[in-house]
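Colleague: I would like a close look at a single part of this model. Please keep the answer connected.

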Amino acid sequence: TYSSSSEIAGIERNFLMNGFDAYTVVLAPANSDEYFSVFLSYGGPDESIARRFFDAFGRRGIRSFFLPETAKFGLRLHRTMDSGVHEYDRIVLLCSKSSLERSGVLNEIERVLSRETSEGGSELLIPVALDDFVFSGWEPAREDVARQIRDRVIADFRDAFDDPAAFRKQLDRLVDSLKKTA
């Protein structure tokens with residue numbers, strides 16, 4: 001039943017074993033202002049994983065930036081990313097070898113760290129580990145960048161994509177970190 005105090009956040013398509021499709025209307029929380037907005041920072045090879053986060057955030061009423069769905073056509077890419085890093089409340093950094101070695105992602109990290117400094121040491125960046133690279137092996141040109149990421153509590157999704165229960169558990173913890181009252 002649809003209530004006027006909720007908003008439709010999306011429609012999920014469910015494939016049933018009998019070959020038919022079922023659709024579920026997903027309702028967002030009545031107060032979407034309960035959560036900080038999110039900019040998803042990731043490298044192109046991790047786009048399908050970023051989409052899972054974007055979809056999950058949307059189902060929970062969390063406004064988020066995901067390049068293929070949110071960017072406006074015709075705008076320059078570097079300006080779009082810079083604007084997103086400054087416009088959104090939190091930056092969820094998907095940490096994998098394929099993301100952390102991309103110059104665009106490194107630029108976004110440096111911009112977020114600069115923003116945190118200019119805002120008096122605010123904590124805006126939430127790293128999410130997709131593999132072991134952020135913990136060992138990642139050696140960016142600026143050592144302090146890796147240290148500033150590793151000095152945070154990192155959401156560990158390394159084994160979560162093969163286990164739906166583990167993914168939901170970690171996602172719930174991540175979403176809880178995005179609550180304004182947390």
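How many of the residues of strand 6 (residues 125–129) are buried, and what surrounds that strand?

Modeller: The model is a predicted one. Five of the five residues of strand 6 are buried, and the strand is mostly covered. The cover applies to both faces. On one side Leu-125, Pro-127 and Ala-129 are buried; on the other side the buried residues are Ile-126 and Val-128.

Strand 6 pairs with strand 5 (residues 90–95), and the two run parallel, joined by five bridges. Within that pairing, Pro-127 of strand 6 has Leu-93 standing opposite. Strand 6 also pairs with strand 7 (residues 155–156), again in the parallel sense, over two bridges. There, Ala-129 stands opposite Asp-156 of strand 7. Pro-127 and Ala-129 were both listed above on one side of strand 6, among its buried residues.

The connection to strand 7 involves a helix: strand 6, helix 6 (residues 143–150) and strand 7 make up a β-α-β unit, and this unit is right-handed.

Elsewhere in the model, there is a helix pair to note. The axes of helix 3 (residues 77–87) and helix 5 (residues 103–118) come within 10 Å and cross at roughly 35°, and the crossing is right-handed. Helix 3 contributes His-78, Met-81, Asp-82, Val-85 and His-86 to the contact, while helix 5 contributes Glu-108, Arg-111, Val-112 and Arg-115. By type, the residues of this contact divide into four charged, three nonpolar and two polar.

Definitions and conventions. Residues are numbered from 1 along each chain as its sequence is written. This is a predicted model: local features need pLDDT of at least 70, side-chain atom pairs count only at pLDDT 80 or more; totals for chains, interfaces and linings use all residues. Side-chain values use heavy atoms; hydrogens and water are left out. Axes are lines fitted to C-alpha atoms, for helices over the stretch in contact, and angles run from 0 to 180 degrees between N-to-C directions. Helices (H or I, at least four residues) and strands (E, at least two) are DSSP runs, numbered from the N terminus. A crossing is left-handed if the near helix is turned anticlockwise from the far one by less than a right angle, and right-handed if clockwise. Contact means heavy atoms within 4.5 Å. Ala, Val, Leu, Ile, Met, Phe, Trp, Tyr, Cys and Pro count as nonpolar, Asp, Glu, Lys and Arg as charged, and the others, Gly among them, as polar. Buried means under 20% relative accessible area, exposed over 50%, partly exposed in between (1.4 Å probe, protein chains only). Two strands pair if DSSP finds at least two bridges between them. A crossover is right-handed if, with the strands pointing away from the viewer, the path from the first strand over the helix to the second runs clockwise.
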